[in-house]
Amino acid sequence: MIRAVRFTEDLSHLPTHKFGPSSITWWGVIGFMVIEGVAFGLTFAAYFFLMGHEQGWPPEGRAAPDLMWGTLFTIIILLSEFANTGIKKAATAHDVSMVRKLMPIIVGAGVVLLIVRGFEFNSLNCRWTDNAYGSIVWALLLLHTTHILTDWFDTLVLYALVRTRQAYEGRRMEDVDENSLYWRYVWLLWLPIYLMIYWVPRL
Amino acid sequence: MTSKAELQSIEEENRELEKERANIARDGPDLTGAALAARLDRTWRRPPGIVGWLSTVDHKEIGRRYIVTALIFLALGGALSILMRLQLARPDNNLISAARYNELFTMHGSTMMFLFAVPVMEGVALYVIPLMVGTRATTFPRLNAFSYFLYLFGGLMLWGAFALNIGPDVGWFAYPPLSGPQFSPGKRADVWAQMITFTEVSALAAAVVLVTTILKARAPGMTLARMPLYAWAMLVVAVMIIFSMPAIALCSSMLISDRLVGTHFYNAAEHGDPLLWQHLFWFFGHPEVYIIFLPATGFVSVIVETFCRRPIFAYPVVVLALVSTGILSFGLWVHHMFATGLPRVGYSFYTAASMTVAIPTGLQIFCWLATMWDGRPRFAVPMLYVVGFIVTFVIGGLTGVMVAAVPLDLQLHDTYFVVAHFHYVLIGGAVFPLLGALTYWYPKITGRMMSETLGKVGFWMIFLGFQLAFFPMHIAGMLGMPRRVYTYPAGLGLELPNLLSTIGALVVALAVLLFVINGVLSLYRGAIAPDDPWDAGSLEWATSSPPPVYNFAHIPVVESRTPLWDIGGELPVVTGLRVDDKEQLLTTVVDAKPDIREPIPEASPWPFISAVATGVLFISSIFSPWAIPVGAIPVAIGLTAWFWPKDMKRQPEPVII
């Protein structure tokens, strides 16, 4: 650069990480949440669009999905938020020891949830090949299963990293913080899906 | 879980690291000029060789690849259009068969929309935006690299399939039931749908990169109110991509699943609905038009400002126009479906909304005209393209308002009138400004000037050739010539308009060829470009041409909307960034106050490897649903390795390796 410069301020005192909207990771996570949110939102729209074509919902001659496994899933995922809030708080306080204690709970909850999800698929009382109703119900559940699976894997990798001395890097706690934010999003999105799969057909 | 011994050793390590931190070299009055340049160059340069080439995270290198790749697809898509025009040059022609013609227009539309228009706009932005906002890199540079490779693989898959005679033939919007399992057996429609998945994932990743770079990495002092209009345009566009592209990813996934595993989303017999496709597709498809057009308005604002030597007239109006166009574009999609039958209130609402969008666009045009009227315009090649844009785009805009009226739309739907309309707005509205912008930034990217003479000849050829090619299509359309027919009978009055269109298309093709020749020749023979050859006001011209790998030796400070015009002799800068590791300054979203020193990831092969794994997953899922769970395993491995620190040793300040 040939252009002459005028020095104004030295920024070496600035931090190298922060939590929340100052951090670039936060913005990235929000960006991907919006992308997924739009995809889920449009799937919801497709659900109601297809529902408008039917006389009954579920279509006549079919039973609504059984309530038990889906409800159990909802209870477990809501309970997991206690541990999740604990992790988020510990991460922002740089409390590595507490983060290491609580993260296995979320990893374990993920395994249990995925097993329960298997039984849920089995209790939908329809197949995706039956009709448009079956297709959209399976689509909703499958999309959310992908959501659970990816965040579970993400949590697992992060937990492995937090077990190392890397946990004492501030940025790692930022990762844990954002991961907790994401887990909240996963269960928040589940609530309308739960209503659509299990309760809208019972209206 | 955490032993006392570990805590103790961590505390010891912290004290050591604190000591080392004091010795970190940073830029400043004591480290500037050639010494600083040499050290930054060592730090930022990527490894050499093929592995280094595949591993790069430099936004300039990735941006260049995006641009070059997209221009190659432009040439390929253009070649298809010439084939179609030759077939249509005279009635009852049999140069190309009906089935092959279906493939040609499908490949032409899909290539132009998904492999040229959106990627080239993102590519230019990925190159220019970090320079323009005064930072050293995009945020998430590895994601950026990943997005390029996915785009490349998607394009290769589509053209590979075409070469193997399994290219799609269902039109660029692939309406079911035609594209469904019953009427399109074989894999052609699946290839189309999976190309969509590739390019959408890629565009979404690049959009996240652009939004975060524009919001968080601007130079100190570049408040939102001082942000260059091109950055505003790209911010709006990237947000639009984030809100619209999931729609097409979703509807094409539903199409694949209808075709592959027997779902019934679009199967009317099982109470699905082909119109569900149209709603989802156009919820993406209409914003898509503005995703292509708004970057071009950003180019125009930049070029008009520079070549009229005057800050843009009514900057806040232009910003508000950009934002409101972005929002309105999500309320228009149903006007593509007027012919499907709608409730009366739907007709009225979407007609009104479609006409409303002309208002912000008109405001922008008036702002440019006012800037030109009040400034001293220099008609260099980029400015010529702007004038060509205004003329052509206004004609296309007018026919747009015409077809927004339902009675006329029902008459003209699926005729060549519509083909004329959207080529006027897409070529006139986006390609003309793009060619102007490429000429404008060519010296920054390559360090040499493009030939002005060849540029002017090319401009007039493309401008006049374009009018000759597309104006007669209005007439052909009003005479009743439908789109997508491979031939037409003699004696309907269609011979002359079609022949003129073919001649015009050949002239345009020659002009584009001339542009490419000019670009290649100037690489070797062009005059050496100074840092700021156009005497422009924005920050990308504050660094050398071409810019060093680290963009700016010191991060500039912005005190006005057109910093280089207002600073006088010396560029104000901030200091204190590391020089022996890659570091970037993040600022606050609205006020651009210094916020964080952010480490920038080193070059890594993992984004490439992850893109290969993702590509294998996408392509094999055309053939079996099991490709998804099985193919996800290598993808997960790739992404984990991408994220996992390659050196677990703690550093005095964070680095990403």
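This note comments on a sheet, a surface patch and a histidine in a predicted model.

1. The sheet. Three strands form an open sheet in the order S1(A)-S2(B)-S1(B), and their pairing is mixed. The edge positions belong to strand S1 (5-10) of chain A and strand S1 (555-556) of chain B, each of which pairs on one side only.

2. Pairing within chain B. S1(B) and strand S2 (residues 571-575) of chain B run antiparallel and are joined by two bridges. For a reader tracing this pairing in the structure, B:Pro556 is found opposite B:Val573 in S2(B).

3. The surface patch. Four residues, B:Leu83, B:Leu86, B:Leu95 and B:Leu506, make a nonpolar patch of about 320 Å² on the surface. One of them, B:Leu83, belongs to helix H4 (residues 59-88) of chain B. B:Leu83 has a relative accessible area of 37% and is therefore classed as partly exposed, since that class lies between the limits of 20% and 50%.

4. The histidine in a loop. B:His335 is located in the loop that links helix H10 (315-328) to helix H11 (344-356) of chain B. Is this residue, B:His335, buried or exposed? B:His335 is buried, because its relative accessible area is 18% and the limit for burial is under 20%.

5. The surroundings of B:His335. When neighbours within four places in sequence are left aside, B:His335 is in contact with B:His286, B:Tyr350 and B:Ser354. With B:His286 there is also a polar contact, made between the two side chains at 3.3 Å.

Note on methods:
Residues numbered from 1 in each chain as written. Chains lettered and ligands numbered in written order. Predicted model: local features only at pLDDT ≥ 70, side-chain atom pairs only at ≥ 80, totals over all residues. Heavy atoms only, no water. Pairing = 2+ DSSP bridges. Helix = DSSP H or I, 4+ residues; strand = E, 2+ residues; numbered from the N terminus. Patch = residues over 30% accessible without salt bridge, like charges linked within 9 Å, V, L, I, M, F, W, Y side chains within 5 Å. Areas by Shrake-Rupley, 256 points an atom, 1.4 Å probe, with all protein chains shown as cover. Salt bridge = Lys/Arg side-chain N within 4 Å of Asp/Glu carboxyl O. Buried < 20%, exposed > 50% of the residue type's maximum accessible area, 1.4 Å probe, protein only. Polar contact = N/O pair within 3.5 Å; in protein donor to acceptor, adjacent residues only side chain to side chain. Contact = heavy atoms within 4.5 Å.
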